[in-house]
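I opened my notebook to go through this structure piece by piece. Here is what I looked up, in the order I looked.

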Amino acid sequence: MPDDVNVAVEAAIDRHRSVAGGLLPLLHDIQDRLGYVPQSAIPDIARALNLSRAEVHGVVSFYHHFRQSPPGRHVLQVCRAEACQSMGAESLLNALRTQLGIDLHGTTADGAVTLEPVYCLGNCACAPSVMIDGRVRGRVSANAAAALVSELQGA
Amino acid sequence: MRVFVPCDSSALSVGADEVAEAIAEEARKRGTPVEIVRNGSRGLLWLEPLVEVETAKGRVGYGPVTVADVPELFAAGFLDAADHRLGIGMVESHPYFAGQERLCFARVGLGDPISIEHYQANGGLRGLRNALAMAGADVVKAITDSGLRGRGGAAFPTGIKWNTVLQTAADQKYVVCNADEGDSGTFSDRMIMEGDPHVLIEGMAIAGIATGATKGYIYLRSEYPDAERALNAAILRAEAHGVLGANVLGSGRRFDLEVRRGAGAYICGEETSLLESLEGKRGMVRFKPPVPASSGLFGKPTVLNNVITFASVPIILDRGATFYRDYGMGRSRGTLPIQLTGNIKRGGLVEKAFGITLRELLYDYGGGSASGRPIKAVQVGGPLGAYVPESQFDLPFDYEAFAGVGAMVGHGGIVVFDDTADMAKLARYAMEFCAIESCGKCTPCRIGSTRGVEVIDRIIDGRDRGAQVALLRELCDTMLHGSLCALGGMTPYPVLSALKYFPEDFGLPRETLPAAA
C-alpha cells in the first residue's frame with residue numbers, strides 16, 4: 001500500500017478495532033480520508049476485527065456509499081427518487097450525462113467529476129436536488145446545473 | 001436587533017448561508033447592529049430562505065430571499081418590519097403555519113437548535129424530569145395510553161414495544177433510533193434532527209429510563225451530513241448539561257447516546273436490517289420472530305423506533321397521555337408531521353392531527369401543483385406507497401382509512417405528480433428501485449423485482465400485453481405474499497395502483513380492465 005493509504009487505514013483500525021459493531025465506522029473513517037476503501041486495506045481490516053476477508057469485502061460491496069476506487073476531484077450526486085422525478089430529475093440527469101460525457105458511476109477523463117445517483121436527499125419540497133461534495137443544492141434548474149458543472153470542471 | 005436565517009439543509013440548499021453572510025455584510029456597511037440567529041426551518045419550504053426579523057409584536061418573515069435582495073430589504077426597512085414584495089407578515093399568523101397543530105415540531109424554527117438553554121426555556125426536559133420521578137412501568141403505560149404508534153411507517157403501538165423491552169430481563173438493553181429516512185418525499189426526521197435535536201435526545205433518554213436501557217444509538221443515513229453535525233453537537237451539549245451520561249439529571253441513572261452513520265442502503269430503514277448494519281454487517285433482513293424488543297441489537301432487548309416516534313414522547317410525558325390522545329381520529333391518535341413535496345406550489349411541513357384530508361393538504365396548504373397543471377396522482381408513504389388518484393383525495397389521514405383502500409400513511413410523505421407524469425414509467429421505476437435496493441435474502445424480492453422491470457417493459461412496448469399484465473399481477477402477488485420484509489412485500493403497491501388507476505399509461509384501455517387489482 002502507498003504510505004498515505006497505509007497511514008489512513010492503520011489509524012482507522014486503531015480507532016475502531018475495539019468498538020462494538022465497528023466495521024462501518026471504520027470503513028467510513030477510511031473513505032472520509034481517502035475518498036474510497038482500497039482493496040489493499042481489506043486483509044488488514046479483516047485481521048484486526050477477526051473477520052474473514054470475504055466478510056469485509058461483503059460489507060464494502062453491499063453498501064452503495066462505499067467506493068472501491070478513487071472518485072474524481074468532485075462528486076456530483078443526482079437524486080433519482082420520485083419527488084425529484086416529479087420536478088424533472090430524469091431530464092436533468094440526462095442533460096448532466098451529456099454535458100459531462102459520462103454515465104452514472106463514471107468519472108470524467110480529466111478526473112474532475114464523478115457522477116452518481118442518489119435515492120433521496122431529504123430535500124423533496126425543493127426538488128430537484130443534487131449533492132456536490134456533501135452539500136445539497138435544491139431547485140436545480142437545467143441552467144443552474146450546467147453552470148455548476150462548468151464550475152466543477154474548471155476547479 | 002435579531003434576524004433569523006435557517007440552518008436547515010433545505011434552506012442551505014437554496015442559499016441560506018450566502019443570505020446570512022450578505023445580511024451580516026450589509027449590516028456592517030450600514031453600521032446597523034444585527035444579531036443573526038441560525039434557527040431551524042419553520043417548514044414553509046417554498047419560502048426558503050425565509051428570513052425573519054424579531055419585532056415587539058412577533059416575528060415578521062421575508063422569503064424566498066436571495067443575496068441580491070438583501071440591500072433592497074435593508075433599504076426598504078425590513079429591520080423595522082416594513083412592507084416589501086417578499087414580506088409574508090407575521091410568520092406565526094401565516095395561514096400555512098397558524099392552522100397547524102405542532103406538538104412534535106413545537107420548537108422547530110424558533111431558535112438555535114443546538115442550545116440546550118433555548119430548549120429548556122421552551123418546554124424542553126420537562127418530560128424527562130417527570131419520567132425520572134415515575135416507575136418505568138408507569139412511563140410505558142403513559143406511552144401506551146397516549147395511543148402513539150410507530151411513525152416510521154409500520155404504525156405499531158409504541159407502548160407494546162416498550163413493554164416487551166421492560167418485561168424482558170437482560171444484563172444490557174439498548175435504545176435504537178431509526179434515522180434512516182430513505183423514503184422519497186419525507187424529511188420530517190431530518191428537520192427534527194437539524195431543527196430540534198434535543199427533543200430526539202430527550203425522547204430516547206425517556207425510553208432508556210422507562211425500559212432500563214443504558215445505551216442508545218441513532219442510526220443516521222449517510223445522505224444527511226448536516227443532521228449528523230447537528231446531532232453530534234447537541235449530544236455534546238446534553239452530556240455537558242448532565243442530560244446524558246452516568247447521572248441523567250442527577251437521578252443516578254445512566255444513558256449514553258451515539259450517532260452511527262449508515263452507508264446508502266435503503267433496506268437499512270427496515271428494522272432488522274438496520275440492526276445488522278449497526279452490528280457491522282451487511283444490511284440483510286432478519287427473520288422475525290424474535291422481534292427486536294426481545295432480541296435486537298447484539299441479541300439484547302432493544303427499543304427501536306423512528307425519529308418522529310421518539311420526538312413525540314417528551315410532550316406525552318410532559319402534558320400527559322390524555323392531552324396527546326385527544327388529537328386524532330379512530331385508532332390514529334395524536335399528530336402527524338406531513339411532508340408536502342414534489343410538484344407542489346407550497347411544499348413544506350404541515351403537522352396536523354390525524355383526520356385531515358389529502359384534498360385539504362394538497363390545495364388549502366399546498367396550493368395545487370407547482371407547474372399549475374392538474375394534479376394527476378400523489379404517492380403517499382414513500383416509494384412503497386400506493387399512487388392515489390384524484391377520486392380518493394377526500395380520504396382522511398388515518399392509518400386504517402388508508403389501509404382500507406390499499407394505500408398507506410407511512411412516514412407521512414406526499415409526493416405530487418401533475419398530469420404530465422407517466423405512471424407506467426413510475427411503476428417501472430418502483431420495480432427498478434426494489435432491484436437496486438433489495439438485500440437479496442429472499443427470492444421474491446431479489447429476482448421478482450428484476451423480472452418486474454422486464455415485464456413492465458414488455459407491457460410498455462406492447463408485446464403480448466394481455467398475457468404480460470396477467471404475469472405482472474401474478475408476480476406482484478408472489479412478491480406481496482412471499483417476501484421477507486416490506487421492500488419486496490410492498491413494491492407491488494405503487495405498481496398495481498398505477499396499473500389500476502392509470503391503465504391508459506400502460507397502453508391499456510380503461511374499460512376492459514378487471515376490477516380486482
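Before I start on bridge partners, I note the rule I go by: two strands pair if DSSP finds at least two bridges between them. I also remind myself that this is a predicted model.

**Entry: one sheet in chain B**

I looked first at β12 (residues 335-342) and β16 (residues 413-418) of chain B, which pair in the parallel sense over 4 bridges. I picked out B:Q339, whose bridge partner in β16(B) is B:G413.

Then I asked myself in what order the strands of this open sheet come. I found 5 strands in the order β13-β12-β16-β14-β15 of chain B, with mixed pairing. At the edges stand β13 (348-353) and β15 (387-389) of chain B; each has a single partner strand, so one side of each is left without a neighbour in the sheet. From one strand to the next, I read an average twist of 30°.

**Entry: β14 of chain B**

I stayed with β14(B) for a while. It joins β16(B) through 5 bridges, and the two run antiparallel. On its other pairing, β14(B) meets β15(B), also in the antiparallel sense, over 3 bridges.

B:Q379 caught my eye. I found its bridge partner in β16(B) to be B:V415, and its bridge partner in β15(B) to be B:Y387.

I also noted that β14(B) and β15(B) form a hairpin with 6 residues between them. In that turn, B:G381 has a positive phi of about 90°.

Why do I call β14 of chain B largely enclosed by the rest of the structure? I counted 6 of the 6 residues of this strand (residues 375-380) as buried, so that is the reason.

**Entry: another sheet in chain B**

I moved on to an open sheet of 5 strands with the order β2-β1-β3-β4-β5 in chain B. Its pairing is mixed. I see β2 and β5 of chain B as the edge strands, each pairing on one side only. The twist averages 25° from one strand to the next.

Inside this sheet I followed β3(B) and β4(B), which run antiparallel and are joined by 5 bridges. B:V53 stands opposite B:V60 in β4(B).

I then checked what lies across the strands. Helix α2 (residues 16-30) of chain B lies across β1 (2-4), β2 and β3 of chain B, and I read its angle to β2(B) as about 170°.

**Entry: salt bridges**

How many salt bridges are there over all chains? I get a count of 49. I looked at a few of them.

I started with B:E92 and B:R42, whose side chains meet at 3.0 Å, N to O. This pair links distant parts of the chain, 50 residues apart: B:E92 is in the loop between β5 (87-90) and α4 (95-98) of chain B, and B:R42 is in the loop between β2 (35-37) and β3 (51-55) of chain B. Buried or exposed, I asked of B:R42? B:R42 is buried, at a relative accessible area of 2%, while B:E92 is partly exposed at 44%.

Next I took B:R85 and B:D69, which meet in a salt bridge at 2.9 Å, N to O. They sit 16 residues apart, B:R85 in the loop between α3 (70-76) and β5 of chain B and B:D69 in the loop between β4 (58-62) and α3 of chain B. B:R85 counts as exposed at 59% relative accessibility, but B:D69 is buried at 8%.

My third pair was B:K215 and B:E258, at 2.8 Å, N to O. B:K215 lies in strand β7 (residues 215-220) and B:E258 in strand β8 (residues 256-261) of chain B, so the pair ties together parts that are 43 residues apart in sequence. B:E258 is partly exposed, with a relative accessible area of 26%.

I also wrote down a network of salt bridges that links A:R80, A:E90, B:R428, B:E432 and B:D457.

**Entry: nonpolar cores**

Which residues touch the most other members of the largest nonpolar core? Of its 153 residues, I list A:I45, A:Y63, B:W162, B:I192 and B:L200. I followed B:W162 further and found that its contacts include B:V139, B:I143, B:I206, B:F310 and B:V313. Apart from that core lies another, of 34 residues, among them B:Y96, B:I356, B:V380 and B:F393.

**Entry: domains**

Last, I looked up the domains. Chain A is divided into domain 1 (3-62) and domain 2 (74-154), with their C-alpha centres 29 Å apart. For chain B, the assignment gives domain 1 (2-98), domain 2 (116-325), domain 3 (328-418) and domain 4 (423-512). I noted 46 Å between the C-alpha centres of domain 1 and domain 4 of chain B.

Definitions and conventions:
Residues numbered from 1 in each chain as written. Chains lettered and ligands numbered in written order. Predicted model: local features only at pLDDT ≥ 70, side-chain atom pairs only at ≥ 80, totals over all residues. Heavy atoms only, no water. Domains from an automatic or database assignment. Salt bridge = Lys/Arg side-chain N within 4 Å of Asp/Glu carboxyl O. Buried < 20%, exposed > 50% of the residue type's maximum accessible area, 1.4 Å probe, protein only. Axes fitted to C-alpha atoms, helices over the stretch in contact; angles between N-to-C directions. Core = buried A, V, L, I, M, F, W, Y, C linked by side-chain atoms within 4.5 Å. Contact = heavy atoms within 4.5 Å. Lists of a residue's contacts leave out its neighbours within four places in sequence.
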